[in-house]
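Open the model in your viewer and get ready to select residues by number. We will go stop by stop.

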Amino acid sequence: METIRNWLLPALLAAGQIAWLWPGAGPAGEAVPGVAALVAVLGALVVETAALGRRRQAPVRALAWSLGALLVGQTAWQDGYFGVGAPVALYSVAVRCPASVTVRVVAAAVGAEWLLSLVHVGVRPALASEWVLGALLYVVCAGLGEARRQWLRGRSLATRLLAGAEEARRLAGDTERRRLARELHDVSAHHLTSVVITADAARRLGDSRPELTAEALSFAERTGTETLTALRRLVGLLRDADRPAPPPMTARIEELIAGFGRLGRPIDAVLPDDLAGPAAEAVHGIVREALTNALRHAPGSAAHVSVLRGEGVLELCVDNAPPRGSASDGGDAVDAVDAVGGLGSGRGVTGMKERAAAVGGELTAGPAPGGGWRVRATLPDVTGPWGPPEGAGRRDVLREQRLADPALVCTATLLPLVFALVTAEEWTGASLRAAVPGLLVVAVLLTAHAVPLLWRRRAPWPALLGVLATSWLWPVAVAGAGLPSRVFVFFAGGALAELPAVYAVAVYGRGAAPTWPAWGAAAISLSGTLVATAGADGSLSGEEPMWPTAVVMFVPLAMVLGAVFAGLWGAGLAVRRRRLRILALDDFALAGALWHAERAADAERHRLAAKLRDAVLRRTAALVEQARQGRLEAVAAEARSALAAMRELLHSLGESEDPGHGLAPAPTVADLGTLCRTVRAAGRDVTLRGLPEAARDLPPAVALSAYRIVEAALGAGDRGPARVTLRRRRDTLRVTVSGVPLAVTGPVAERLKVRAETGAGRITLERAGVVRALLSTRSSPAPAPEVSPSSPA
């Protein structure tokens, strides 16, 4: 099907050209060229046809070859070679290339056309009209192509948003598990670990320092209450836990550091005063995690926290000294740490890296040069929510519409001006040189009349009113400047501006019903202007009085123009309704995907909340009650029990104990064999090559992305044979799926692009039905494993 689309138009154009060459040229009265010229024309036709066949894959190159064929064909046979391949190729360039490229190729095409006109016409008055028509042809083709590109761009954006929403819906459960796991880890690491350490330390040092018992009980009661509050907040199914806290965050970070300082460790900090936004939220979480790890593994040691602002980044550094392990100053503390050893969830460094990666930053953790431990993070310095500023997307779209509307203005200006140039000597009764002042006035009037069309999309009503108002400059100029007779004929050509202005009101105006006066106002105004212009230049003067003649001329003219404008207005409303229907369908699909994503996240929240109540919340409440009763031993036991239960809960977040959930670990490259067998069982011939070599030691994110790419390509709806090939080369995995033409266009193509970006790779979609993905296998912060339905198909 794609091959037919590529070659049908070039074949029809070539057939028409050949029919004109022979035997069409003879009956048309054209002289058949000689053998050499005929060979040159046929060669140019072959080159043009081959170039147009590749206009979708390489539009700029197709235009270059088409212009070359035009130069050869027109030189060999000026009146017999059509050369329509160049405008067609230019249209493809405008559809598939940025506006900057289109502007450059329009200039090149117009230059080539002007060169041919100069060679054929010579330096004569007719050269000006040839140049204007040539430029107008290419500008109109570019404008139409650019308008088409904008429409396709909007459809592609909508499809991409829907594909992203579908991806988010599929991963919603896993994303929610990751978020809640991070929250739970913060609670377990910061609150419960602190209770265990202080209680065990007070219990062991109670004989030498009895005041520590009361302090430990007070700390356990206070911290346990805070833990209960945090747990109840999670059980209450917080929906906005990932939203950045209101600025500033500096005070919260300082309060956090002071809380760790009260546990008996010296901590100094250097922080900016205006930390805010997602990066500041990440700083808070990373500092909390780093100091908790230091408390667990190096109690009593000094720590230093610094956040420095650079050029667009925040540099976070958390250093802690080596643990105090001597018997004289820290033996009991080490025993306390050993007592809680093994109760961590093992997600400390991973969680910090995830926080940094979530805001677009990087984090490293390892031994410091002078001993101890160092955590360093580089985060983008963002002081507000991510995303482009409001209105930026619309400004970009308007900026990209810089060819379609100017092309329309050029058409409405130059087309009647060409007619004026061609017939200048006839309507002025003088030589072309003597007619130059009148031509300049006509050009100014035509330009002023068409310029309001530049705003027809953003302000359709003002654009229409501007067109109608400038039309009344014609009778004033005719009467005041003394333009020659029949100048109203050129204004009739200039009335082309009213047509797109009325159409724009119907398509872009606010509401459909309030736009109906546009066609009536345009018909009345244009009819009156034409009659007034004809009366001003003397076309209505004669034996009969002018006013009855003007009325007789105005009424039927207004009726005819009213019918034309009403039909155009109705066509605009039809286009408007079609576009709104398409947008409504897109919105419905997007809202549905987001709704399902939210429902999946809700299900995970409810499931986790039930486990949290049963496993952790009850034990934490018992801890607070034991602290109030002054039972230090029971406090330590309940804290350790709650910490162990939370660790078990964290480890089980990726699994479902309820078989009804139907959840299983995410598929990987190793599961492609099962996928291909399932597809073959459905009656399609699928060949798989490259397993199991390519599946060894792949990062989880890459293995998942490769599987999803193959799954989406094979599930696009094709029925013919397909081949899946995997190749491992150094730090890359190459995935090639052939025989899937339905996967390289439309929503499936957008889903493939989203999946490739998720796997930190790039993807190429070939029109022949081949999908080529290149995924990097270098270790990098990866998303959590996906949980999906157990069936691989």
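## Stop 1: E766 and its partner

Select E766, which is partly exposed, with a relative accessible area of 28%. Keep in mind that this is a predicted model. Now add R772 to the selection. These two side chains form a salt bridge: the closest N and O atoms of E766 and R772 are 2.7 Å apart. R772 is partly exposed too, because its relative accessible area is 38%, and partly exposed covers values between 20% and 50%.

How many salt bridges does the structure hold? The count is three. Let us visit the others.

## Stop 2: R374 and D319

Select R374 and D319. They form a salt bridge, and their closest N and O atoms are 2.5 Å apart. Colour the chain by position and you can follow the link: the pair joins distant parts of the chain, 55 residues apart. R374 sits in strand β5, residues 373-380. D319 sits in strand β3, residues 313-320.

Is each partner buried or partly exposed? R374 is partly exposed, at a relative accessible area of 28%. D319 is buried, at 17%. The cut-off explains this: buried means under 20%, so D319 falls on the buried side.

## Stop 3: E711 and R708

Move on to helix α24, residues 700-714. Select E711 and R708 there. Their salt bridge has its closest N and O atoms 2.5 Å apart. Why can these two be partners along one helix? E711 and R708 are three residues apart, so about one helical turn separates them. An α-helix has 3.6 residues a turn, so residues three or four places apart point the same way. Show the surface around R708 next. R708 is buried, with a relative accessible area of 8%.

## Stop 4: helix α19

Select residues 498-508, which make up helix α19. Eight of its 11 residues are buried, so the rest of the structure largely encloses this helix. Which residues of α19 are the buried ones? They are E498, P500, A501, V502, A504, V505, A506 and V507. Show them as sticks, then switch on the surrounding chain.

## Stop 5: a positive patch

Finish on the surface. Select R96, R148, R578 and R581, which together form a positive surface patch. Then pick out R578 alone. This arginine lies in helix α21, residues 546-628. R578 is partly exposed, with a relative accessible area of 43%.

Technical notes:
Residues are numbered from 1 along each chain as its sequence is written. This is a predicted model: local features need pLDDT of at least 70, side-chain atom pairs count only at pLDDT 80 or more; totals for chains, interfaces and linings use all residues. Side-chain values use heavy atoms; hydrogens and water are left out. Patches are made of residues with over 30% relative accessible area and no salt bridge: like charges are joined within 9 Å, nonpolar side chains (Val, Leu, Ile, Met, Phe, Trp, Tyr) within 5 Å. Accessible areas come from the Shrake-Rupley method with a 1.4 Å probe; for residues, only the protein chains shown count as cover. A salt bridge is a side-chain nitrogen of Lys or Arg within 4 Å of a carboxyl oxygen of Asp or Glu. Lys and Arg count as positive and Asp and Glu as negative; His and the chain ends are not counted. The place of a charge is taken as NZ of Lys, CZ of Arg, CG of Asp or CD of Glu. Helices (H or I, at least four residues) and strands (E, at least two) are DSSP runs, numbered from the N terminus. Buried means under 20% relative accessible area, exposed over 50%, partly exposed in between (1.4 Å probe, protein chains only).
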